[in-house]
Amino acid sequence: MTSRSDGRRMPGDDSSPSREHPVLVGVAVLGAAGVAGGVLVAALALPVVGGAGVYTRDVAHGLFEVPAMLREAPLPERSRLLDKDGRQFAQFYVQNRQSVALGKIAPDMLKAIVAIEDARFYEHGGLDLRGTLRAIITNTRAGSIQQGGSSLTQQLVKNILLQNARSDNERDQARAPSIRRKMQELRYAISLERKYTKDQILLRYLNIAYFGGGAFGVQAAAHRFFGTSADKLTLEQAATLAGAVRTPYFTDPTLGGEHRDRLLERRDLVLDRMAQLKMIAQVRADAAKATPLALHLRPEPGGCSESDHPFFCLYVQKEVIGNLAFGRTRAERERRLFRDGITIRTTLDRTAQEAADKAIAAHVHPKDDQVAAEAMIEPGTGRIRALAASKRYGANPGERKDGPSTTYNLPADMAHGGGQGFQAGSTFKVFTLATALAKGWRFDQGFDTPGSFVPSSGYKDCSGTRVNAPGTVVHNAGGEGKGGPYSLATGTWQSVNIFYMMLERDVGLCDVVRTARSVGIARADGQPLKEVPTFTLGVNEMDPVTVAAGFATFGARGRYCRPMAILEVVERHGRRTGVAPSCTQAVEQDVADAVNYILTGVFTKGTMKGQGIGRDAAGKTGTNNGYTSAWFAGYTPDLAAAVSLGDIRGAYKYPLTDVEIGGQHYGGVQGATLPGPIWVRSMELALQHLPATPFHHPDTGRFGGGTTPGLKPEDQLADPRAADGERGRDGREDWDEARGGERGGGRSGEGRLRRHWHRPADQRLWDRFWTHPEEDLWLSWPAHHRSRRHRYRPAWERTWHHHR
């Protein structure tokens, strides 16, 4: 901007030959008038509250004893959460502010604020005696505030003092109508005039001032009032904001029609004042006044309850506040998040998040007492891609505990805002499976199991203490299951409780616990894991994030990565700090490959038969004793996910039997009944645009073969010749064969095992939706295609397999 022809400068023009001149003018005025000058200003601005002696004493004390330098703490700024692609999905603030540079503010805004608040701003040195006197006279005649009495520099001082206040008493002192406070402002104003240029003072004022509607600073106000940025403000919009800053509550347009009418009057007053000062032509002012207020109020939600992805938001919030990397104390970490204006780029993938949200919403409704929660994690990095739940995040009406909303972060542990979690059920069998494979077990190795089992001996926890449970009787199927021969493969596919209790005893309870811990398994409530014989049956309460991260380990060939939600932190001044994955090789690669090989059979021959996702996938169902909760956890090499389901009122008190969920009635909910379909749908949607990545082939020379007394040849997983080295050590033919030849590498005819016959694509598609086949349809298939273990069981028969 340029200087006026009469020598007065305009906003943005700091071309004065001497920056000391306006300051010296102010000092000279005080020096010439002495204390009387201060008395005059105070007398004009404030009501008389005492005699001349009191005035003189207070003024002298205020002028000579107040420190000359004003402490300027950094302004509170809003912090933002961005998804992995840089799009904002949440923000935190105590004051909605985003400071901007002078060049990012429209010139009309600079003119408007000077015109209405301090027309002689570029001429005085912090105190404008003539302007103050003129404002008092004008306001007295009008009977309302028409012009500001304090200089912009004094107003900046007042705002800084309010920001610095640490108590209500300090805030009251910063607003007190006293001579002492006025003299404080004056001396601080003079010091700021010495420290900064006029444009710097103007910029600081526009960034600190409150405009109403919860907007601090001109950038937030421009967005809040008009949905634009400060550099794009029109003349009408700039005049509106300039008019609001003097009485922001009186003219707050969010409070109703009367407030908007007052704001319109203030806008027109600013336009008239700008024309009077020759900042704009009168014809331009008249044209602007003829336009409506044209507000476009934009909400500025703060906190997770207003976020589009509240559960992910809450996870990040708790991570920042609870992580020492963000500050030594909780207060310091909270200040970082709510006041320091940091930008956090997170791991959130909106495609995966929308997939999880849609899949859950299709099966479980917010009003249901039963709650579903899902976490999606990327194998090999630990990056959390989605956190979803069936209920909305927030408080219920009347603070009721039941209702469509919850304040718990259901997919997460207690440290990240979650609850106590649900027992994970048979998903924990994977840790016993991995331990057995690491100790040399083979795919077809197993036991001839009894119909019931009592863990009366052979179990020790990691402290060496015997933890046998001679009073506990474990059954395969709700007390009525039959025993029989099961191998490592078939026992996993059918999720046989007694087989896994015997296997855990054989490989060692403590070693199973250690395997689980190595892949990040910890209780949702933060308490130590329960190291008891039923550990392998999932007696510990878990959260989906922890379980998904544990299963992701196998998708990453044994590489465990701590769940992470933050990719990068950017400070308000631009300094960037990246966050790298924290990973360890928790499970041997060959062992992980073997686990993946067996768990793929859960979809083709086990409890999830017919519910695949059209690409390599492995997983495990989990249904707890008494139907207290249900789970499914599974993964591909690209993405892992875990889904939990239980009653939010209490899993033991309200089991998942004879319930209506999502508008459907269920006699009993198993892992494959609801969590499984939710997992399938969410994974299909999340991965639909990604190419399929296959698992690595297992080493059948190491894991193939084995002996199980009584196991029929058709129930064996691999050709026994594989153990003799007649096939390659990479096990490619066995892998293709076990997956029904879908990869094109399996043998045909007599070489293919009877249990793994290859169905045409149209029949496989039919199988996927054939959840309740009739007996006569099953019997109509060719005899060589039938197997009792292959057959779908009717719903009433499947319900008594509790831990699947």
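Student: In this predicted model, over how many bridges do strand E6 (residues 370-377) and E7 pair in the antiparallel sense?
Tutor: The two strands come together with Ala375 standing opposite Leu387 in E7. Strand E6, which covers residues 370-377, pairs with E7 in the antiparallel sense, and the number of bridges between them is five.

Student: Which strands stand at the edges of the open sheet that contains E7, E6, E22, E21 and E20?
Tutor: The sheet is open and antiparallel in its pairing, and its five strands follow the order E7-E6-E22-E21-E20. Neighbouring strands of this sheet are turned by 5° against each other on average, when direction is ignored. Because each of the edge strands has a single partner strand, one side of each is left without a neighbour in the sheet, and these strands are E7 (384-389) and E20 (618-623).

Student: Is Asp647 buried or exposed?
Tutor: Asp647 lies in strand E22, residues 640-647, and it touches Asp369, Gln370, Phe422, Tyr654 and Leu656, if residues up to four places away in sequence are not counted. Its relative accessibility is 2%, and since the cut-off for this class is under 20%, Asp647 counts as buried.

Student: Which backbone nitrogen does the side chain of Asp647 reach at 2.9 Å?
Tutor: One polar contact of this residue is between side chains, joining Asp647 and Gln370 at 3.4 Å. The contact at 2.9 Å instead runs from the side chain of Asp647 to a backbone nitrogen, that of Arg649.

Student: What is the order of the strands in the open sheet of five strands with mixed pairing?
Tutor: One pair within this sheet is strand E1 (residues 79-82) with strand E5 (residues 343-346), which are parallel and joined over three bridges; there, the bridge partner of Arg80 is Thr343 in E5. The five strands of this open, mixed sheet follow the order E2-E1-E5-E17-E18. Strand E2 (88-92) and strand E18 (576-578) stand at the edges with a single partner strand each, so one side of each lacks a neighbour in the sheet. The twist from one strand to the next averages 20°, and the order asked for is E2-E1-E5-E17-E18.

Student: Which helix packs on the sheet and touches E1, E2, E5 and strand E17 (566-570)?
Tutor: The helix in question covers residues 310-322, and its direction makes about 45° with that of E2. In touching E1, E2, E5 and strand E17, the helix that packs on this sheet is H14.

Student: At what angle do H14 and helix H15 (residues 330-338) pack?
Tutor: The residues that meet are Gln317, Val320, Ile321 and Gly322 in H14 and Arg330, Arg333, Glu334, Leu337 and Phe338 in H15. The axes of the two helices are 8 Å apart, and the angle between H14 and H15 is about 135°. That angle makes H14 oblique to H15, and the value asked for is about 135°.

Student: What is the handedness of the crossing in which H6 passes H9?
Tutor: Helix H6 (residues 152-164) and helix H9 (residues 198-208) have axes 9 Å apart and pack at an angle of about 45°, and H6 and H9 are therefore oblique to each other. The contact involves residues including Leu156 and Ile160 of H6 together with Leu202 and Tyr205 of H9. The crossing in which H6 passes H9 is left-handed.

Student: Why is helix H17 (residues 429-438) largely enclosed by the rest of the structure?
Tutor: Among the buried residues of H17 are Val430, Phe431, Leu433 and Leu437. The helix is followed by Gly440, which has a positive phi near 105°. H17 is largely enclosed because, of its 10 residues, the number that are buried is nine.

Student: Which residue in strand E23 has a positive phi of about 50°?
Tutor: Most residues other than glycine have a negative phi. E23 (residues 657-661) runs antiparallel to E24 (residues 664-668), with four bridges between them, and the two form a hairpin whose turn holds Gly662, with a positive phi of about 60°. The residue asked for is not a glycine, it is found in strand E23, and at 58% relative accessibility it counts as exposed: Asp658.

Key:
Residues numbered from 1 in each chain as written. Predicted model: local features only at pLDDT ≥ 70, side-chain atom pairs only at ≥ 80, totals over all residues. Heavy atoms only, no water. Pairing = 2+ DSSP bridges. Buried < 20%, exposed > 50% of the residue type's maximum accessible area, 1.4 Å probe, protein only. Polar contact = N/O pair within 3.5 Å; in protein donor to acceptor, adjacent residues only side chain to side chain. Contact = heavy atoms within 4.5 Å. Axes fitted to C-alpha atoms, helices over the stretch in contact; angles between N-to-C directions. Parallel < 35°, antiparallel > 145°, perpendicular 65-115°, else oblique. Left-handed = near helix turned anticlockwise from the far one by under 90°.
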